[in-house]
Amino acid sequence: MYYHRLGNIPPKRHTQFWQPDGSLYKEELVSSEGFSGIYSNLYHIHPPTRIKSIGEPTRYGAKRIEDYALRQTHLNTSKVTVTGEDYLSARKVLMMNNDCAISICSPRQRKMDYFYKNAEGDELIFVHDGKGVLISPFGKLDVRQGDYIMIPRTVIYKFEFEEGPLRLLITESASPIETVKRYRNDLGQLLEHAPYCERDIRAPYELITDTSRGDFLVKIKKQGFLHNYVYDYSPLDLVGWDGFLWPYAFSIHDFEPITGRIHQPPPVHQTFQARNFVVCSFVPRLFDYHPQAIPAPYNHSNIDSDEVLYYAEGNFMSRRGIDRGSFTLHPGGLPHGPHPGTVEKSIGAKETHELAVMIDTFHPLHLTDQSLEFIDKNYPMSWTDNTEGGFHEVNTP
Ligand SMILES: [Fe+2]
């Protein structure tokens, strides 16, 4: 990330910064990975430590399925339009391990009457359908279809979505979610060969300095519970901030694909990195242009990874079983590949209009109790029966 500032801050950090009423603004350093990672300095009207009351914690989250047999898995989540009442009750965790949790979220309510803070994970929210605004102490950030919204852990926030379809893919990460290291130079700037650059990353643009008093509920997620904290002032009480740690938006439509004469491997699609998993974006692009090229991927045995694909848009919609909003999980230990007929069919194809998000984890994922209703039992045999047609868009791995 790059340095950004909004609002008023003192010329030098950790120095006197006076409010009009003669009291000091309250400085808060938000630092990641101890003091070794990125950080920001925030200037509050009220001490961020001051709380009015703490309610009873409520249990929150999904249970891992430990005895799920090794198999290729299709989760048919395409038909779901509402997964719960509000933003938190609607978040359904489908797959998880110690590094990440992958959820869908389609809340009925478009606005939140509370704030939320994930105290243990960064959140990467892919907006498959939806339009609205992210509101946090860092300011307002517009949210559009196709955006990845990256919210660092401990950022207090709420969404206000407009009416209309709303479908979110949420990846929580136990480690910081970052831009890809090999795309950056020694000083952190995104390089010329990177598929995106700083101009594509949208920062909060308008600070909300809310001085109002009252009861403000913040639901804090940590260790399997929501902890209900009540503040007697608005959490949006910042007059300014600066640093590298802030929520941002990056649109998948701004990812510039890297193509080649022959089939390019998934790392060219990498968009984010975290410890023990990566996030890749498959976007509309020209196919391979070697005269003998095969645009469809080869069979692949990724001996170290579980590969999750979320199908956003593309030709897979005409195929039986998979529709927009479905997931596949191709676990390490089994080869996966194109469906019967798709390799031959891909020869001569010039371009693809697919849009997909891939999450590859370097440790096995577990399905959860919230995923069971979506399992397509026919999928493991779908490479065997020619009459079924393929479930894959030709160029997703
Ligand atoms: Fe693969």
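This tour goes from a patch on the surface to two pockets, in a model that is predicted.

Begin by selecting Tyr3, Ile38 and Phe244, which together form a nonpolar patch on the surface with about 270 Å² of accessible area. Keep Ile38 highlighted and follow the chain on either side of it, where you will see that Ile38 sits in the loop between strand S2 (26–31) and strand S3 (39–44). Ile38 counts as partly exposed because its relative accessibility is 38%, and the band for that label runs between 20% and 50%.

Next, turn to the largest pocket, which holds about 1,000 Å³ of space. Its lining is made of 41 residues, and the ones to select are those closest to the centre, namely Val30, Ser32, Ile38, Pro152 and Leu245, so that Ile38 from the surface patch appears again in this lining. Now colour S2, S3 and strand S18 (225–233), each of which supplies at least two residues of the lining of this pocket, with S2 giving the largest share, three residues. If you colour the lining by class, you will find 21 nonpolar, ten polar and ten charged residues.

Finally, move to the second largest pocket, which has a volume of about 410 Å³. Select Met96, Ala101, Glu120, Glu172 and Lys221, which lie nearest its centre among the 24 lining residues. Strand S7 (91–96), strand S8 (100–105) and strand S15 (167–173) each contribute at least two residues to this lining, and S7 gives the most, with four. Coloured by class, the lining of the second largest pocket shows eight nonpolar, nine polar and seven charged residues.

Notes:
Residues are numbered from 1 along each chain as its sequence is written. This is a predicted model: local features need pLDDT of at least 70, side-chain atom pairs count only at pLDDT 80 or more; totals for chains, interfaces and linings use all residues. Side-chain values use heavy atoms; hydrogens and water are left out. Patches are made of residues with over 30% relative accessible area and no salt bridge: like charges are joined within 9 Å, nonpolar side chains (Val, Leu, Ile, Met, Phe, Trp, Tyr) within 5 Å. Accessible areas come from the Shrake-Rupley method with a 1.4 Å probe; for residues, only the protein chains shown count as cover. A salt bridge is a side-chain nitrogen of Lys or Arg within 4 Å of a carboxyl oxygen of Asp or Glu. Buried means under 20% relative accessible area, exposed over 50%, partly exposed in between (1.4 Å probe, protein chains only). On a 1 Å grid over the protein atoms alone, a cavity is a set of points where a 1.4 Å probe fits but cannot get out, and a pocket is an open set with protein on both sides within 12 Å along at least five of seven lines; lining residues have an atom within 4 Å of a point. Grid points are joined across faces, edges and corners, and a volume is the space filled by probe spheres set on the points. Ala, Val, Leu, Ile, Met, Phe, Trp, Tyr, Cys and Pro count as nonpolar, Asp, Glu, Lys and Arg as charged, and the others, Gly among them, as polar.
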